[in-house]
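Me: I've got a structure I'd like to talk through with you, bit by bit. Can I show it to you and then fire off some questions?

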Amino acid sequence: MTAPATPAPPTAATAPVFVTSRCAGCGACLLTCPVHAIRPLGGTLLVRADLCTGCLECVEVCPVDAVEETPVRDPQEPS
Ligand code: SF4
Ligand code: SF4
């Protein structure tokens, strides 16, 4: 009998939302986020996956639709 396969380790957490290149830098999402999960990083905005609750308030407030929901990948699908 062979040993059961070891489950793959979890990959890096992905935040429920991300900021696209359409960002105009108005700062509305940073001010709106209730948990301060959106941070400036190297001229762009990074959403902290460890803080983001997925409330989508940043998506609602962005005037240029630059914040998008991160697609959820089906773990059953081949990569
Ligand atoms: S609200 Fe939209 S345009 Fe404004 S800083 Fe955030 S992502 Fe950029
Ligand atoms: S979804 Fe909510 S918690 Fe996550 S970055 Fe946007 S405003 Fe913040």
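Me: Which class of residue is most of the shell around ligand 2 made of: nonpolar, polar or charged?

Reply: Bear in mind that this is a predicted model. The shell around ligand 2 holds three polar residues and one charged residue. Set against those are 11 residues in the remaining class, which is nonpolar.

Me: And which residues come nearest to ligand 2?

Reply: There are 15 residues around ligand 2. Four of the nearest ones are cysteines, and a glutamate is in there with them. The names are Cys-33, Cys-52, Cys-55, Glu-57 and Cys-58.

Me: How many charged residues are in the shell around ligand 1?

Reply: That shell has 14 residues, with Cys-23, Cys-26, Ala-28, Cys-29 and Cys-62 as the closest. By class, 12 are nonpolar and two are polar. The number of charged residues is therefore none, as glutamate, aspartate, lysine and arginine are what would count.

Me: Is Leu-56 buried, partly exposed or exposed?

Reply: Leu-56 is in the loop between strand 3 (44–47) and helix 2 (57–61), and has a positive phi of about 70 degrees without being a glycine. In general, most residues other than glycine have a negative phi. For burial, 20 or more C-beta neighbours would be needed, and 12 or fewer would make a residue exposed. Leu-56 has 13 inside 10 Å, so the call is partly exposed.

Me: What about Asp-65, buried or exposed?

Reply: Asp-65 has a positive phi too, near 55 degrees, and its place is the loop between helix 2 and strand 4 (67–69). In space, the C-alpha of Asp-65 is 7.5 Å from that of Arg-22, though 43 residues separate the two in sequence. Because Asp-65 has 9 other C-beta atoms within 10 Å, it counts as exposed.

Me: Which residue in the turn between strand 2 and strand 3 has a positive phi?

Reply: Strand 2 (residues 38–41) runs antiparallel to strand 3, and four bridges join them. Leu-41 stands opposite Thr-44. The two strands form a hairpin with two residues between them, and the one in the turn with a phi of about 55 degrees is Gly-42.

Me: Which side chains of strand 3 are buried?

Reply: In a regular strand, side chains alternate between the two faces of the sheet. Along strand 3, Thr-44 and Leu-46 point to one face and are not buried. Pointing to the other face, and buried, are Leu-45 and Val-47.

Terms used. Residues numbered from 1 in each chain as written. Chains lettered and ligands numbered in written order. Predicted model: local features only at pLDDT ≥ 70, side-chain atom pairs only at ≥ 80, totals over all residues. Near = placed C-beta within 6 Å. Pairing = 2+ DSSP bridges.
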